[in-house]
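Colleague: I am new to reading structures, so please take me through this one step by step. I will ask, and you can show me how you get to each answer.

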Amino acid sequence: MPTSPDKVKADVQGTIEAPEGVLKITKIDCHYHVKVPAGKEEAAERALKVFDRGCPVAQTLKGAVEIVHSWEIESY
């Protein structure tokens, strides 16, 4: 899948809380806007469902910060 800047955009929002009196990021919401060639929508959906397994940030934060992924897929 092409990943040039005009094909992938993310809106990311973090939730900061102080569960033990110290501020920390407890949740990250990532919403992706992905443009793929016509006919590649299903492949993009499959890739997006598992990409966090190979994402170094997601793997580093796993168990410490909840990460929620959502996306919109647009074909061209």
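Colleague: Let's begin with Lys7: does its relative accessibility make it buried or exposed, and what is the value?

Modeller: The cut-offs come first: buried means under 20% relative accessible area, exposed means over 50%, and partly exposed lies in between, using a 1.4 Å probe and protein chains only. Lys7 falls in the buried class, because its relative accessibility is 17%.

Colleague: Before we go on, what kind of model is this?

Modeller: Residues are numbered from 1 along each chain as its sequence is written, and side-chain values use heavy atoms, with hydrogens and water left out. Local features need pLDDT of at least 70, side-chain atom pairs count only at pLDDT 80 or more, and totals for chains, interfaces and linings use all residues, since this is a predicted model.

Colleague: Back to Lys7, then. Which side chain does the side chain of Lys7 join in a polar contact?

Modeller: Lys7 sits in the segment before β1, where strands (E, at least two residues) and helices (H or I, at least four) are DSSP runs numbered from the N terminus. A polar contact is a pair of N or O atoms within 3.5 Å; within protein, one must be able to donate a hydrogen and the other to accept it, and residues adjacent in sequence count only if both atoms are side-chain atoms. At 3.2 Å, the side chain of Lys7 has such a contact with that of Asp6.

Colleague: With which other side chain does the side chain of Asp6 make a polar contact, at 2.6 Å?

Modeller: Asp6 is in the segment before β1. Its contact with Lys7 has a distance of 3.2 Å. The 2.6 Å contact joins the side chain of Asp6 to that of Ser4.

Colleague: Now the sheet. What is the order of its strands?

Modeller: Two strands pair if DSSP finds at least two bridges between them. The edge strands, each pairing on one side only, are β1 (8-17) and β3 (66-75). The sheet is open, with mixed pairing and 3 strands, and the order is β1-β2-β3.

Colleague: Which residue in the hairpin turn has a positive phi?

Modeller: β1 and β2 pair in the antiparallel sense over 10 bridges; in this pairing, Thr15 stands opposite Lys27. The hairpin they form has 6 residues between the strands. In that turn, a positive phi of about 85° belongs to Gly21.

Colleague: And in β3, what is the bridge partner of Val36?

Modeller: Here the pairing is between β2 and β3, which run in the parallel sense over 10 bridges. One β2 residue, Asp29, has Val68 as its bridge partner in β3. For Val36, the partner in β3 is Ser75.

Colleague: Which element gives the largest share of the largest nonpolar core?

Modeller: A nonpolar core is a set of buried Ala, Val, Leu, Ile, Met, Phe, Trp, Tyr and Cys residues joined through side-chain atoms within 4.5 Å. The largest one has 8 residues: Ile28, Cys30, Tyr32, Val34, Val36, Ala44, Leu48 and Val65. Two elements give two or more residues to this core, β2 (24-36) and α1 (41-50). The largest share, 5 residues, comes from β2.

Colleague: Tyr32 is a core residue. Why is its ring pair with Phe51 given the type it has, and what is that type?

Modeller: Rings of Phe, Tyr and Trp (its six-membered ring) pair if their centres lie within 6.5 Å; planes under 30 degrees apart count as stacked, over 60 as edge-to-face and the rest as tilted. By this rule there is 1 aromatic pair. It links strand β2, which holds Tyr32, with Phe51 in the loop between α1 and α2 (56-61), 19 residues away. The ring centres are 5.5 Å apart and the planes stand at 90°, so the type is edge-to-face.

Colleague: How does each partner count by relative accessibility, taking Tyr32 and then Phe51?

Modeller: Tyr32 counts as buried because its value is 13%. Phe51 has a value of 28%, so Phe51 counts as partly exposed.

Colleague: One last residue: which residues does Thr26 touch, leaving out those up to four places away in sequence?

Modeller: Thr26 lies in strand β2 and counts as buried because its relative accessibility is 19%. Contact means heavy atoms within 4.5 Å. Beyond its sequence neighbours, Thr26 touches Thr15, Glu17, Val65 and Glu66.
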